[in-house]
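Reader: I have a structure to look at and some labels that I would like explained. Please take me through the reasoning behind them.

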Amino acid sequence: MIINQITGSFKKYHWWICFIIYVNKFGIAWHQMAIIFLAPPVAYQCPENATCCKDPIYDTSTFKNTIVMEWNLICEKSWLKDLTQTLFQFGVLVGSLLFGMASDRYGRKKALIGSVVLEVFSGVIASFVPDYWSFTLIRMIVGFSLGGVMVVGFVIIMEFIGNEKRAVVSALYQVPFTLGHMSLAAFGYFLRDYKHYQLAISLANVYLLLYICLLPETPRWLLAKNKTDEAVKLLTYVAKINNMPTEDIQSKVEMYQLEHRTNAPKKGTTIDLFRTPNLRRNILVMSFLWFTCSYCFYGIAQYISQLTKDIFLNVTLSGFFCLLSCFISIPMMRYMKRRTVVVISNAICGISLLLLAGIPHSLFSVMLACIGDLFSFVVFIVVYLYCTEMFPTVVRNAALGISSMMARVGSMIAPFVVALRTYQKWATPVAFGVLPLIAAGLCFLLPETKNCELLTTIEEGEALGTPQRPPRPADGVQ
C-alpha cells in the first residue's frame with residue numbers, strides 16, 4: 001500500500017496514533033461494564049418477612065444507593081435493571097452502524113469527535129436524571145456514542161498501521177479496555193452512590209475532547225474521497241516525523257490514484273455474502289462466533305461480580321484475566337493457526353463454565369469463571385482479524401458489519417441470562433457454557449487464513465480453502 005511505503009509500517013507517528021486512540025478504550029470499559037456497580041446484587045427486608053413489598057429496607061452496608069434501590073427494581077420489576085443494560089447495548093449496535101456510515105461519508109475524524117463529545121455529555125447527564133426511563137434512555141445514548149468510538153477508533157488505527165503489525169496492534173488495542181475494566185473496581189469502591197459513580201466515569205473522559213485539536217484524518221479516507229492535496233500534505237507531515245523520504249510523494253500518490261481508479265474491483269453488497277455456498281457458510285458461522293464471544297464475555301463479566309460477597313475483588317480479578325488474554329493471544333496468533341486458536345479458546349471457555357455449574361460459589365468458582373472470560377476474550381481479539389482475512393475486499397466491510405451486529409445482539413441477551421441464577425444457580429453457567437462448545441465445533445467448517453494474502457474478489461472468497469484455491473502466502477511469508 002502506497003501509504004505505508006511513504007510513512008513506514010510502524011514508526012514514531014504510528015505510536016502516537018495508537019496512544020491517542022487507545023486511551024478512549026478506558027471510557028468504553030467504564031461505561032460498558034458500569035452496570036456491575038450501577039445494579040449490583042443487594043439484600044433487602046420487607047415487613048413481616050414478606051418476599052416483596054413497596055417500601056423495602058435495603059442493606060446499605062456495601063452500597064449507599066444503586067439504581068435498584070433508587071427505583072425499587074425488585075420482584076416483578078427486577079427485569080428492568082437488565083433491560084437498562086440491554087438497551088445500552090442496543091445503542092452500541094445502532095451507533096456502530098450509523099457512525100460507521102458517517103465516518104465513510106464525512107471522514108473518520110469528524111465521526112470520532114462527534115462520538116466522544118456525545119459520550120462525555122450524555123454520560124454526565126445520566127447521573128442527574130430523576131427517573132428510571134430517563135436514565136435508561138440517556139444510557140442508551142451513551143451506548144450509541146460508544147458504538148461510534150469503538151468502530152471509528154479501530155478503523156483509524158488499521159488505516160494508519162502496516163499489514164505486518166496489525167495482529168499485534170489489534171491485540172494490544174484491548175489492553176486499555178482491560179485496564180479500564182480493572183480500574184472500575186476502584187470507582188465502585190470509593191463511590192458507593194450510583195449517581196456519583198456515573199458522574200465520575202463520565203467526567204474521567206473529558207480529556208477525549210482534545211481530539212478536536214489532536215486527531216488527524218486518515219490518508220486512506222482522503223485518497224478514497226479523491227482529496228489528493230490534503231492526503232499529500234498529511235503524508236508529507238507523517239513521513240517527516242517518521243524520518244522517511246519526502247521526495248516525490250505528490251507524484252507517487254497521483255500515480256497510485258490513477259492505477260486505483262483503473263484497476264478498482266467491482267463493489268460488492270451484503271447480498272453477495274449469501275449468494276454462493278462457501279461465502280454463505282463462512283458468514284453464518286462467523287456471525288455465530290461473534291455472537292457467542294460477545295454473549296459470553298459481557299455475560300460472564302457481569303456474572304463474576306455476583307459469585308462471592310467481595311464484588312470489588314471479583315471485578316479486579318476478571319479484568320486482570322482479560323488483561324492476560326491480550327498478551328496470551330499474541331503468541332497464539334503468531335505460532336498457531338487462526339482456526340486452531342478459536343477452537344481451543346472456545347472449548348476451554350465452554351468447559352470452564354460447565355464445570356462452574358457443579359461447584360459452590362467460592363474463590364475457586366471465581367477463578368474458573370475468570371478462565372472462561374479470559375478465553376472468551378481471546379476469541380474476541382482473534383475473531384476480528386480472522387474475519388478480516390476471510391472475506392474479500394469488496395464485501396469485507398459488510399461481513400464485519402454483520403458480525404459486529406451479531407456481537408451486539410449477544411451482549412443484549414447476556415444480562416437476562418445472568419438473571420437466571422435467581423431461579424437455579426447452575427442455569428447461568430450452563431447457558432453460557434454450551435454455546436462456546438457449539439462454536440468450537442462449527443469452526444471446523446471454516447477455512448484457514450493465516451499468512452494468506454488478503455482476498456479481493458467474490459470469486460477468491462468463494463474459492464478460499466478449496467482445492468481450486470488453496471491458501472496463498474502473503475508477500476514475504478514462506
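Author: The turns below go through some labels for this predicted model.

Reader: How do you know that C46 and C53 form a disulfide?

Author: Two cysteine sulfur atoms within 2.5 Å count as a disulfide. The sulfur atoms of C46 and C53 are 2.2 Å apart, so the pair meets that definition.

Reader: Why is the disulfide of C46 and C53 called left-handed?

Author: The torsion about its S-S bond is about -80°, so the disulfide of C46 and C53 is left-handed.

Reader: What makes C46 buried and C53 partly exposed?

Author: Buried means under 20% relative accessible area, and partly exposed lies between that and over 50%. C46 has 8% relative accessibility and therefore counts as buried. C53 has 23%, so C53 counts as partly exposed.

Reader: Which parts does the disulfide of C52 and C75 tie together?

Author: The S to S distance of C52 and C75 is 1.8 Å. C52 lies in the loop between β1 (44-45) and β2 (57-58), and C75 in the loop between α5 (67-71) and α6 (79-106), so the pair ties together parts that are 23 residues apart in sequence.

Reader: Why is C322 not bonded to C326?

Author: The sulfur of C326 is the closest cysteine sulfur to that of C322, but at 7.7 Å it is too far for a bond. C322 is buried, because its relative accessibility is 1%.

Reader: Why is K110 called exposed?

Author: Exposed means over 50% relative accessible area. K110 has 61%, so K110 is exposed. K110 is in helix α7 (residues 108-126), and with R105, K225 and K227 it forms a positive surface patch.

Methods:
Residues are numbered from 1 along each chain as its sequence is written. This is a predicted model: local features need pLDDT of at least 70, side-chain atom pairs count only at pLDDT 80 or more; totals for chains, interfaces and linings use all residues. Side-chain values use heavy atoms; hydrogens and water are left out. Patches are made of residues with over 30% relative accessible area and no salt bridge: like charges are joined within 9 Å, nonpolar side chains (Val, Leu, Ile, Met, Phe, Trp, Tyr) within 5 Å. Accessible areas come from the Shrake-Rupley method with a 1.4 Å probe; for residues, only the protein chains shown count as cover. A salt bridge is a side-chain nitrogen of Lys or Arg within 4 Å of a carboxyl oxygen of Asp or Glu. Lys and Arg count as positive and Asp and Glu as negative; His and the chain ends are not counted. The place of a charge is taken as NZ of Lys, CZ of Arg, CG of Asp or CD of Glu. Helices (H or I, at least four residues) and strands (E, at least two) are DSSP runs, numbered from the N terminus. Buried means under 20% relative accessible area, exposed over 50%, partly exposed in between (1.4 Å probe, protein chains only).
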